[in-house]
Amino acid sequence: VNEGAYQGRDRLPMPRRRLRLGLVGGGRGAFFGRVHATAARHDDRFELVAGALSSDPERARASAADYFIAPERAYGNYQEMAAREAARPDGIDVVAVVTPNHTHHAIAGTFVDHGIDVMCEKPMTTELADALDLVRRVRTAGVVFGVVYTFAGYPMVRQARAMVAAGEIGTVRLVDVEILQDWLATAREADDAQAAWRTDPERAGPGGALGDIAVHAYHLACYVIGEAEAALLSAQLSTFVPGRRLDDDAQLQLRFPGGARGRIWASQVAPGNELGLRIRVYGDGGGLEWALQTPNYLRHTPLGEHPRTLGRGAPDLHPSAHRASRIPVGHPEGHFDALANLYAELALAVEVRRDGRDLAGLILDLPGVEDGARGVRLIETSIESSRQDGRWLGAGLALQGVP
Amino acid sequence: VSVELLARYGRRLRLGMVGGGIGSVIGETHRIAARLDNRFELVAGCLSRDPERARASAVAALIPPDRAYNSHEEMAEREAARAEDGIEVVCVCTPPDSHLEIARAFLTRGIDVICDKPLTATLEDAVALVEAVRASGRLLALAHNYAAYPMVRQARAMVAAGAIGAVRLVHAEFAVGVPAMVRHEPEPARRHWRFDADVLGEASVLGEVGSHAHHLARFVTGLEVHEVAAELTRFVPERRVYDDAQLNLRLADGARGHLWASYVAAGNEHGLALRVHGERGGLQWSQERPAELWHMPLGEPPRRITPGGDDLAPAARRGTRVPKGHPEGFLEAFANVYTDVADVLLARKLGAPPDPHALGFPTAEDGAAGLALIEAAVASHRADGAWTDARWPRPAGEQGRRP
């Protein structure tokens with residue numbers, strides 16, 4: 001490795017102590033809880049000290065040993081965990097909610113009401129009313145609330161956002177995001193627990209591909225072009241696998257307030273794609289292209305010139321990309337590093353709030369509760385538009401009425 | 001990766017570190033790798049030869065002041081004397097000419113070692129370290145981290161299973177081309193030790209990057225290098241060390257190969273890649289796209305093999321943490337070395353059999369084979385490229401060809 005290219009000087013400041021993290025979900029048999037625990041420890045900013053790891057109290061307690069959680073802080077349910085941790089002088093600073101979608105609202109809301117900061121998996125809730133309720137409660141409590149749109153943590157995505165903001169491709173005209181998978185191309189939900197809950201409207205909510213992956217694509221599109229949300233959308237949803245109760249393919253057209261047009265294609269039935277996420281952005285002065293399968297590179301084409309490939313860790317990137325990068329160019333970073341970048345920003349926000357300082361002055365890339373609500377709004381609007389044969393409908397959150 | 005043994009052990013392994021203070025990329029890399037799968041806790045260190053830097057580095061690494069040492073000798077002695085909570089493993093990431101002395105100080109006190117590469121600066125030191133490891137009954141794992149990428153493990157398993165038939169051709173290259181490597185650093189204080197002939201000899205390009213390519217070729221093919229014909233070049237005239245090495249190889253079983261190690265492949269990033277061709281097909285892997293292994297069966301279309309499938313080799317599955325399509329990178333591969341070492345140590349401490357797929361990490365013997373190649377290459381170059389015996393250990397009674 002190359003000392004000269006070390007990016008550490010640009011990293012976010014470390015908290016004075018390791019922040020105490022709790023985990024809801026992630027027990028034996030679950031999957032993403034472990035990913036969160038790993039990402040949180042990646043940069044040594046958190047120590048996992050408490051959990052309600054399963055809705056089955058026995059499994060919750062048994063799973064705690066896998067994470068070195070002390071028995072008295074391995075809770076049988078999240079309500080008890082929130083109340084007891086809030087009462088401890090050494091209680092958790094922040095909780096990660098990594099349960100199935102239909103439980104996010106109740107769990108996250110409970111911790112918010114106890115004044116505990118939250119990192120919540122996407123989609124944030126299964127109903128827009130619940131999402132707006134969370135927005136209100138987060139604002140009332142003044143807590144930090146992060147939503148896990150992990151792709152916004154990739155350094156070259158941040159580079160793309162910074163280049164767009166700096167006018168390096170001119171005024172944005174077009175943004176196109178694809179997020180394609182093939183794991184649900186067959187009726188796998190019959191014998192796969194992950195597939196079962198993600199295709200079950202009771203647990204996943206009303207969106208299939210919409211809720212599981214299109215919300216990622218939507219946040220990515222907005223984040224890179226610097227728009228908070230789309231103004232209007234038109235959707236075509238399909239369910240290709242017989243018997244499936246949710247969409248497994250979603251094609252959306254978007255109109256942004258600033259005039260840009262967008263397209264999102266989210267599919268779970270596209271053979272050959274494990275997680276084929278790609279974003280292309282075109283302005284009047286050039287284009288940008290990034291793909292998850294080569295996440296350390298960003299292709300930039302200034303109009304009329306040869307395309308060039310920018311590598312993560314190269315010295316001339318924007319500060320926001322540097323800050324999110326750990327190792328030199330040519331050493332690939334990936335999913336854990338990106339998720340750890342969200343956790344690094346979460347740590348900074350948590351510490352600033354605990355110090356009684358104002359969060360408003362922090363420029364963070366961590367997606368917030370409003371971004372979570374915008375994703376839920378996208379799901380509901382898309383379903384309605386598709387029902388109305390692709391009619392253009394308002395997609396904005398219209399938060400003006402929310403105190 | 002299963003956490004069963006870890007949960008049974010009930011706590012993380014206590015890790016110490018020598019070298020790797022503030023500003024050291026390799027030190028930060030080892031620390032992240034050690035944390036990633038939650039199997040180690042860094043509790044002691046001698047992070048720099050400069051006492052002030054050692055102290056500041058310990059603070060940054062959250063090491064308690066009474067366990068921040070100024071010499072590795074003192075650290076080994078005092079940690080070994082802490083019966084209840086002394087370190088169980090030490091990471092040595094100092095320059096290679098100090099590895100023998102430091103590693104031996106810990107091995108003789110019963111502390112296992114994870115050592116950065118190359119193993120030592122000379123073959124003589126390497127052989128002495130092999131003997132020290134054997135006498136101690138402890139393990140020494142060598143951080144040839146690139147062999148721990150899941151798709152490299154998959155390649156090894158495919159070669160062993162005969163997927164490409166008997167190996168004929170092996171081409172390994174590690175041709176670096178970032179400015180910090182290509183350009184001469186005029187200020188001696190800022191110059192990396194890799195350019196200092198006193199630390200790693202004139203052929204440091206072979207120790208620094210060539211040794212990785214060599215290990216990768218041996219690991220994937222299972223073939224040792226028997227003879228080498230070398231051409232070493234110094235392109236940057238101010239340097240005392242060679243900055244390019246081209247090695248023709250004769251390997252076991254009649255295979256032929258080439259190893260190219262360079263600091264001056266201007267425009268390359270990190271530049272590590274491997275191609276292997278057998279009687280019935282080929283395999284190709286490049287570190288900058290680490291999740292792709294190309295399998296080219298003779299007469300059929302090439303196939304792209306990626307991590308996460310149930311059909312992959314057990315060692316490849318063991319080195320993968322996230323579902324298909326989520327990129328893992330350099331730090332995760334590095335962590336695979338740590339996790340394998342941890343699981344072997346945990347099995348030993350708990351009296352359980354080790355996972356056979358955790359035993360693939362490089363050892364002191366692999367390091368000695370690397371030093372043997374380097375010394376043979378230097379001898380060959382001095383004899384104008386004469387074929388030179390590179391085997392270690394040399395079979396009893398065989399002189400081998402020397403110039």
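Here is a short conversation about the two chains of this predicted model.

User: Happy to start with the ground rules: what kind of model is this, and what pLDDT do local features need?

Analyst: Residues are numbered from 1 along each chain as its sequence is written, while chains are lettered from A and ligands numbered from 1 in the order in which they are written. Side-chain values use heavy atoms, with hydrogens and water left out, and this is a predicted model in which totals for chains, interfaces and linings use all residues, side-chain atom pairs count only at pLDDT 80 or more, and local features need pLDDT of at least 70.

User: Thanks! How many helices and strands does chain A have, and what radius of gyration goes with them?

Analyst: Helices (H or I, at least four residues) and strands (E, at least two) are DSSP runs numbered from the N terminus. On that basis chain A has twelve helices and 14 strands. The globule rule (2.2 Å times the number of residues to the power 0.38, with the radius taken over C-alpha atoms) gives 22 Å for 403 residues, so chain A is as compact as a globular protein of that length, with a radius of gyration of 21 Å.

User: And what share of the residues of chain A counts as buried?

Analyst: The C-alpha trace of chain A spans about 65 × 55 × 45 Å along its principal axes. Its exposed area is about 14,600 Å² (Shrake-Rupley method, 1.4 Å probe; for residues, only the protein chains shown count as cover), and carbon and sulfur atoms supply 51% of that. Buried means under 20% relative accessible area, exposed over 50%, and partly exposed in between (1.4 Å probe, protein chains only). Of the 403 residues of chain A, the buried share is 62%.

User: Nice. In chain A, what percentage of contacts between residues at least 6 apart in sequence joins residues at least 24 apart?

Analyst: A contact here means heavy atoms within 4.5 Å. Counting pairs at least 6 apart in sequence, the part that joins residues at least 24 apart in chain A is 71%.

User: Which strands stand at the edges of the nine-stranded sheet in chain A?

Analyst: Two strands pair if DSSP finds at least two bridges between them. The nine strands form an open sheet with mixed pairing, in the order S13-S12-S11-S10-S6-S9-S8-S7-S14. Each edge strand has a single partner strand, so one side of each is left without a neighbour in the sheet; these are S13 (308-311) and S14 (393-394) of chain A.

User: Which residue is the bridge partner of A:Leu233 in S14(A)?

Analyst: As a reminder, strands of a sheet pair through backbone hydrogen bonds, either parallel or antiparallel. Strand S7 (residues 232-238) of chain A and S14(A) run antiparallel, joined by two bridges. Within S14(A), the partner of A:Leu233 is A:Leu393.

User: What does A:Ser238 touch beyond its sequence neighbours?

Analyst: A:Ser238 lies in strand S7 of chain A. Its C-alpha is 9.0 Å from that of A:Ser386, although 148 residues separate the two in sequence. Leaving aside neighbours within four places in sequence, A:Ser238 is in contact with A:Asp247, A:Asp248 and A:Asp249.

User: Is A:Arg158 buried or exposed?

Analyst: A:Arg158 belongs to helix H6 (residues 155-165) of chain A. Not counting residues up to four places away in sequence, A:Arg158 touches residues including A:Tyr223, A:Asn341, A:Glu345 and A:Asp365. With a relative accessible area of 2%, A:Arg158 is buried.

User: How far apart in space are A:Ile213 and A:Ser382, C-alpha to C-alpha?

Analyst: A:Ile213 lies in helix H9 (residues 209-225) of chain A and counts as buried at 3% relative accessibility. Among the residues A:Ile213 touches, beyond those up to four places away in sequence, are A:Ile179 and A:Gln268. A:Ile213 and A:Ser382 are 169 residues apart in sequence, and their C-alpha separation is 13 Å.

User: Over to chain B: which residue stands opposite B:Val228 in S14(B)?

Analyst: Strand S7 (residues 225-233) of chain B runs antiparallel to strand S8 (residues 244-251), joined by eight bridges, and B:Ala230 stands opposite B:Leu247 there. S7(B) also pairs with strand S14 (residues 388-389) in the antiparallel sense, over two bridges. In S14(B), the residue opposite B:Val228 is B:Thr388.

User: Last one: what percentage of the 403 residues in chain B is buried?

Analyst: Chain B has 13 helices and 14 strands. Its C-alpha trace spans about 60 × 50 × 45 Å along the principal axes. Buried residues make up, of the 403 in chain B, 61%.
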